Amino acid sequence: AMPHAPITIFLPARNEAAYLAPTLASILAQSLGDFRLVISNNHSTDHTAEIIQEYAARDSRIIATAPATPASAKEHFDFGRTWFDTKYHMFAGAHDLFDKNYLLRTFEAMESRPNLIVAGTQCLHFTDDNRQFAIPSINFDSTGLGKLEKLCIFLQGTYYNHLAYGLYRSELVRGIKTPTVLGTDHLEMASLLMKGDCTVIPEILLYFRYPENVADHKRQINSLGTADGTQGWRDLMIALRELIDEHFVGIEQIYGRQLVKGIKQRIIRQGMLHNAI
């Protein structure tokens, strides 16, 4: 492929034949074309593999790969991280769509601000029948904020973390290890905000699809192998508490613990966490 491309895009796919072609077309049509696209087929049983091979034969920027054995969602993303040896990297959802300037805008932001860990854009959510709907998402620039301020805004201001699909500076992300908990992408982002800044470009350049046949929340829970998700939520709360204790002392630690406690109470009220921790 292109060993000197400054950007690696990792696209994990499992049984995405119904959606993969338009997703790949939107990535390959990016106005910033200097990237390599690593597509990983997670042992699909539909025609995903054939679509990947068809596109790989047409475009030398594509590398087709696969995990050795069927992987959970987090395992597949962790496999993707083994490919991130370029200056920048990003994940792409196999049924999402990207405006042609998504890479260009995020790349320009990263190049101009060396303390940025990740740059994303605003995101529109849509369904198979093209209904659009709003999900509260994080749209903030953390520049000039203290660590606890960043954490408060991020943890209280987001349900769907579309920054997980932003463009990342690889050298600042290396070494971040997150346990397998429900909302592991939120935990990872919280950890990264202890090391640098994030920005969300005020343009809608990412289109996140919710397939009709997928309950996204249940899919997350099932990928963790838990019956009702309670253990996953509890583990997330414990991990956030550990993050607070690792990075803060004194009054900031007290406020941080109160933040985690408030999030836990919100989860309990929503019926997602039944046992106190």
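A crossing of two helices is called left-handed if the near helix is turned anticlockwise from the far one by less than a right angle, and right-handed if it is turned clockwise. This tour moves through a predicted model, in which local features need pLDDT of at least 70 and side-chain atom pairs count only at pLDDT 80 or more, while totals for chains, interfaces and linings use all residues. Residues are numbered from 1 along each chain as its sequence is written, and side-chain values use heavy atoms, with hydrogens and water left out.

**First stop: α1 and α2**

Select helix α1 (residues 20–28) together with helix α2 (residues 48–58), where helices are DSSP runs of H or I with at least four residues, and strands are runs of E with at least two, numbered from the N terminus. Here α1 passes α2 in a right-handed crossing. The two pack at an angle of about 25 degrees, with their axes 10 Å apart; axes are lines fitted to C-alpha atoms, for helices over the stretch in contact, and angles run from 0 to 180 degrees between N-to-C directions. That angle makes α1 roughly parallel to α2, since angles under 35 degrees count as roughly parallel, over 145 as roughly antiparallel, 65 to 115 as roughly perpendicular and the rest as oblique. Now colour L20, A21, L24, A25 and L28 of α1 and T48, I51, I52 and Y55 of α2, which make the contact, a word that means heavy atoms within 4.5 Å.

**Second stop: T8**

Next, select T8, which lies in strand β1 (residues 7–13). Is T8 buried or exposed? T8 counts as buried because its relative accessibility is 0%, where buried means under 20% relative accessible area, exposed over 50%, and partly exposed in between (1.4 Å probe, protein chains only). Leaving aside residues up to four places away in sequence, T8 touches R36, V38, W83, F84, D85, T86, Y88, H89 and M90.

**Third stop: α9 and α10**

Move on to α9 (residues 230–247) and helix α10 (residues 250–269), whose axes come within 9 Å and cross at roughly 170 degrees. The pair is therefore roughly antiparallel. To see where they meet, show W233, M237, L240, R241, I244 and D245 in α9 beside Q253, G256, R257, V260, I263, K264 and I267 in α10.

**Last stop: D235**

Finally, select D235, which is also placed in α9. With 26% relative accessibility, D235 counts as partly exposed. If you add T184, 51 residues apart from D235 along the chain, you will find their C-alpha atoms separated by 9.9 Å.
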